[in-house]
Amino acid sequence: MQDLMISVVDAWEQPPIQSNFIVFKSDQPAVPMQEGGDYFQKCKRYAREQGAYVVTGLMNIADFLCVCMFGPNGKLTGAQRALFYEQNNRELYKKSSNLAVFPTPYGKVFLCVDADIYSPEVQRYARLAGAEVVVCAQWFPAERYNEARIWTGAWGAAQTNNFLTIAANNNGAAICAPYLTSMDNTGYLSKPGQTASTIFNVSRLMEIHSDYFSSQFNRKLFAAHRDLL
């Protein structure tokens, strides 16, 4: 499996390292529908220029809160609608019921939309569906943000489900992984800051969960509860 060279940056900014996987921070609660077409075109062009996968910030698409991913060729390679909402968004957006995982040369990616990162059932479903990399896109009013938002969200997901988790929000960014894969055993590959970058090979996760998919128990558990999830 190829190395992931990850950068989390403000939209359209040059990544701090050569990157093949770039995540945009959200600079507003969601890109409005009337601006979505122009935003998509800029994402496509940026992805081609960088030769990288590009994950958008939060977008309003047909009254769903969404996150999208573009491939190095500029084509749309993934999109996910929010499954759950915080109270302030519940009247603004429709709720989805579908979760998808998208293959890349660097591992299978789940695009986690805003508050979904705080729902254990979403994390578990994504894990059982084969996700290895989770991109968590969020937006917080400044007065409601602190690092515990990452610790209880992206960092916690990495530890409990053995994900490589990329957190991007308007106040900061971080890259998390199971603590055994981090140099200082903190579970952070890039600690919370305004931007984040690292190089990581998802095959390292296999050292921890290599037996996971071979478990007949987990396959039966997934099948039994798929409708509920």
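## A loop residue to start from

Let's begin with Ala-142, which sits in the loop that links β9 (133-138) to α3 (148-161). This is a predicted model, and in it Ala-142 has a relative accessible area of 58%; that is over the 50% cut-off, so the residue counts as exposed. Measuring from C-alpha to C-alpha, Ala-142 and Thr-165 lie 22 Å apart in space, with their positions 23 residues apart in sequence.

## The chain as a whole

Stepping back, the chain holds five helices and 13 strands. Its radius of gyration is 16 Å, close to the 17 Å that the globule rule gives for 229 residues, so the chain is as compact as a globular protein of that length. The C-alpha trace spans about 45 × 40 × 35 Å along its principal axes.

Of the 229 residues, 54% are buried. Take the contacts between residues at least 6 apart in sequence: 57% of them join residues at least 24 apart. The accessible surface adds up to about 10800 Å², and carbon and sulfur atoms account for 50% of that. As for charge, there are 20 positive and 20 negative side chains, and the centres of these two sets are 7 Å apart.

## Two nonpolar cores

In soluble globular proteins, nonpolar side chains tend to be buried together. Here the largest nonpolar core has 33 residues, and Phe-21, Leu-164 and Ile-166 have the most contacts inside it. Leaving aside residues up to four places away in sequence, Phe-21 touches a list of partners that includes Leu-4, Met-5, Ile-6, Ala-52, Tyr-53, Val-55, Met-69, Val-109, Val-135 and Ile-166. Ser-7 is also one of the residues that Phe-21 touches.

A second core, separate from this one, has 15 residues, among them Val-31, Tyr-46, Val-54 and Cys-68.

## Around helix α2

Helix α2 covers residues 120-128, and its buried residues include Val-122, Tyr-125, Ala-126 and Leu-128. Gln-123 and Arg-127 are buried there too. Just after α2 comes Gly-130, with a positive phi of about 105 degrees.

On the other side, the loop between β8 (107-113) and α2 contains Asp-114. Is Asp-114 buried or exposed? Its relative accessible area is 5%, which is under the 20% cut-off, so Asp-114 is buried.

## Positive phi outside glycine

Most residues other than glycine have a negative phi. Asp-114 has a positive value, near 50 degrees. Asn-185 is not a glycine either, yet its phi is positive at about 60 degrees; this residue lies in the loop between β11 (172-176) and β12 (188-193).

Methods
Residues numbered from 1 in each chain as written. Predicted model: local features only at pLDDT ≥ 70, side-chain atom pairs only at ≥ 80, totals over all residues. Heavy atoms only, no water. Helix = DSSP H or I, 4+ residues; strand = E, 2+ residues; numbered from the N terminus. Rg over C-alpha atoms; globule rule 2.2 N^0.38 Å. Buried < 20%, exposed > 50% of the residue type's maximum accessible area, 1.4 Å probe, protein only. Contact = heavy atoms within 4.5 Å. Areas by Shrake-Rupley, 256 points an atom, 1.4 Å probe, with all protein chains shown as cover. Lys, Arg positive; Asp, Glu negative; His and termini not counted. Charge placed at Lys NZ, Arg CZ, Asp CG, Glu CD. Core = buried A, V, L, I, M, F, W, Y, C linked by side-chain atoms within 4.5 Å.
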